[in-house]
Amino acid sequence: MKITFPHMGNVYVVGKILLDELGAEYIVPPFNNKKALEIGTKYAPESACLPLKINLGNYIQAYEQGADTILMVGGCGPCRFGYYGALEKEILNDAGFNMDIIILEMPNGNLKEFLNRVKRLAGGFDIHKIFRAIRNTTRIAKQVDELEKLTFKIRPREIVKGSTDRIYKAFQEDMREARGYDQARKLVEDTRRELLSLEIDRSFKPLKVGIVGEIYTTIDSYTSFYLDSKLGNMGIEVERPVTISNWIIDHIIKSALHLPRDLRYVEAAAPYLGKMIGGHAQETIGNAVLFAKDGYDGVVQVYPLTCMPEIVAQSILPAISRDFDIPVLTLIIDEMTGEAGYLTRIEAFTDLLEKRRERTTIEENRVLSRS
Amino acid sequence: MKKTGYYLGVDVGSVSTNLVVMDEDENIVYKLYLRTCGKPINVLLDGMKTLAGNLEKDVYIKGVGTTGSGRQLAGAIIGADAVKNEITAHAVAAQRMIPDVNTILEIGGQDSKIIILKNGVVCDFAMNTVCAAGTGSFLDRQASRLGIPIEEFGSYALRSQSPVRIAGRCAVFAESDMIHKQQTGHSLEDIIGGLCEALVRNYLNNLAKGKEISEPIVFQGGVAANVGIAAAFERALGKRLVIPKYYDVMGAYGAALIAKKKMEEGKGKTNFYGFETAECSYKSKSIECKGCSNLCEVIEISSDGETIARWGDRCGKWSAQLKSATGDGSLM
């Protein structure tokens with residue numbers, strides 16, 4: 001059994017460390033690329049959202065390298081993603097790719113079936129091994145997310161432009177080769193040191209932008225046209241509250257163990273959206289409010305075309321923009337690989353934020369000189 | 001005596017390529033509106049030749065700005081001092097013409113935009129996302145299908161007694177709706193009138209949703225020439241539109257203004273290669289980089305066999321190579 005799994009930003013680190021620790025054989029598909037998108041578009045239903053298409057591309061590219069089993073997460077969440085694993089299996093079989101799929105979910109709360117699937121992955125039921133694998137996977141997820149957050153801070157301040165991108169890209173490549181938790185942890189630590197040793201402009205006060213939206217397109221840099229690094233290289237510090245470790249820890253582990261979760265976003269969203277309506281809409285709304293309250297300069301929402309929860313969120317965002325006087329830009333991603341349109345919007349948004357800051361500074365000075 | 005300087009603004013859009021020459025007092029002294037016809041490089045060079053032929057010999061270009069979807073390409077070929085996105089360029093130009101402008105409606109060839117200003121600062125904008133239904137190229141296509149010159153398209157709409165209802169959300173649906181209505185016997189005027197209303201409805205529902213449209217409202221971009229669309233906007237909004245004199249080259253004008261500001265701040269020398277660049281031959285080719293799984297599409301522009309610009313690579317492998325080879329210090 002050679003396992004593979006779909007890409008979504010740095011999720012492959014989490015996937016591979018989990019499988020390393022469980023002692024399973026696996027193939028990491030090539031990073032998201034045009035070819036994967038082309039393959040996915042060929043086999044997926046036309047109106048499906050972009051993540052499904054890229055998932056299929058990942059599987060088929062891994063199949064070509066010898067993978068025969070897919071590890072995918074699922075769930076009965078109210079977004080169609082919960083059903084993608086099952087759907088993808090059908091599509092692959094129809095297209096003649098003989099691949100099996102293990103979906104990690106609890107079908108109708110059936111714990112026994114869930115454990116059976118884990119057993120299949122782990123090749124037995126060594127509770128210590130499984131426990132250690134889960135612990136180390138969670139740890140690495142957190143470390144990688146923290147490393148990414150560090151790039152958000154360093155990139156706008158670096159003296160030699162492009163340094164952060166170079167180091168971070170090398171890290172992502174090297175991570176493909178790392179084996180097991182210890183090696184992965186060391187690589188994260190070395191990269192962190194390298195980033196911290198970069199020369200930065202400490203007096204520079206960057207504009208701050210919060211990124212919200214659908215999880216796949218916000219986390220996966222390939223699909224968002226490297227939005228976070230683009231903004232960073234324009235001298236903007238970004239923040240992205242929806243992360244993989246957060247998803248694993250808050251949504252899977254804490255809710256399975258009935259532990260208290262960080263629900264600040266639910267509270268912040270409440271005046272605008274009082275319920276979970278699927279996907280990450282409530283996070284989008286709640287986090288946009290939190291960003292506004294924390295003094296961020298702007299918010300960017302990203303989602304794949306036809307994403308229902310985010311369409312609802314998009315229609316609520318103007319109210320937040322008005323109430324808190326914070327600019328919001330929405331980027332909708334689909335199969336187009338032409339970047340020009342996105343770049344135009346991002347640049348214009350940056351111009352807008354800079355002009356607003358200039359104006360605020362002038363007004364503050366005026367108030368000061370009057371008093 | 002000090003030589004008077006001029007500024008050049010270039011807007012390479014999907015449908016039109018516009019060039020503007022502006023004097024020190026920010027007056028437009030010469031403007032060109034050309035069809036891009038899918039060949040941005042050739043049209044740009046033709047435009048440069050026309051400019052060179054029509055301007056006085058001693059015209060001294062102090063700064064160059066480019067904008068539009070082909071801004072990078074144009075900037076590389078003629079040597080730009082400022083390369084700016086078209087949203088900012090349009091806002092700058094509108095503000096220069098109508099200083100207290102609050103709303104800018106801009107409909108170009110392939111995209112449409114709305115820009116909202118508050119106290120003289122852009123505070124919100126939107127651009128059509130995926131479909132080109134409400135834009136100039138769609139109107140162009142319908143005009144040629146109906147055999148009417150695009151310049152007269154709007155006046156047909158004005159003669160309409162009772163405009164028919166046409167679906168404006170999608171270019172394909174709009175066209176089949178139009179054909180359907182035409183086959184059932186509606187007059188051309190009513191169909192065109194209906195189309196104008198549908199486009200305006202779509203624009204307001206899609207782009208302007210949730211935004212406050214307050215006067216003064218400036219309507220610019222190539223489609224502002226269409227009196228039918230302008231009338232439909234005024235009916236739907238119940239407000240007056242201001243159409244600036246140079247509505248069709250506002251992007252290029254904005255780029256020239258931005259270049260002027262930049263040169264005045266920087267006091268540097270312009271990057272402009274001169275009008276002679278139009279005599280060189282330019283070639284562009286795309287290479288698919290196989291360096292990693294990103295498979296970037298790298299564009300290479302060469303002038304008389306010498307590579308002058310490369311872009312499209314995420315890691316900078318191709319673009320950086322060129323900069324070091326030519327000793328360009330702009331990397332720092």
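**Exercise 1.** In this predicted model, find out how covered strand 5 of chain A is, and which strands pair with strand 5.

*Solution.* Begin with the strand itself, residues 207–213 of chain A. Buried stands for under 20% relative accessible area, and six of the seven residues of strand 5 are buried, which leaves the strand mostly covered.

Next, look at one partner: strand 6 (residues 236–239) of chain A pairs with strand 5 of chain A in the parallel sense, over four bridges. Here Gly210(A) is found opposite Glu239(A).

Then turn to strand 7 (residues 298–304) of chain A, which runs parallel to strand 5 and is joined to it by five bridges. Within this pairing, Ile211(A) has Val300(A) as its bridge partner.

**Exercise 2.** Describe the length and the burial of helix 1 of chain A, then see what comes just after the helix.

*Solution.* Helix 1 covers residues 11–22, twelve residues in total. From first C-alpha to last, the helix reaches 17 Å, close to the expected 16 Å. Now check burial: twelve of its twelve residues are buried, among them Tyr12(A), Lys16(A), Asp20(A) and Glu21(A). Finally, step past the helix to Gly23(A), whose phi is positive, at about 75 degrees.

**Exercise 3.** Where in chain B is confidence lowest, and where is it highest?

*Solution.* Start with the whole chain: mean pLDDT is 83 in chain B, with 92% of residues at 70 or more. Among its elements, helix 10 (residues 317–325) is lowest with a mean of 60, while strand 9 (residues 217–220) is highest at 94. Then look at residues 324–332 of chain B, where pLDDT stays under 50 and the model has three contacts beyond four places in sequence. Coordinates predicted with low pLDDT should not be read in detail.

Definitions and conventions:
Residues are numbered from 1 along each chain as its sequence is written. Chains are lettered from A and ligands numbered from 1 in the order in which they are written. This is a predicted model: local features need pLDDT of at least 70, side-chain atom pairs count only at pLDDT 80 or more; totals for chains, interfaces and linings use all residues. Side-chain values use heavy atoms; hydrogens and water are left out. Buried means under 20% relative accessible area, exposed over 50%, partly exposed in between (1.4 Å probe, protein chains only). Helices (H or I, at least four residues) and strands (E, at least two) are DSSP runs, numbered from the N terminus. Two strands pair if DSSP finds at least two bridges between them. pLDDT is the predictor's confidence in each residue, from 0 to 100. Contact means heavy atoms within 4.5 Å. The expected span of a helix is 1.5 Å times one less than its number of residues.
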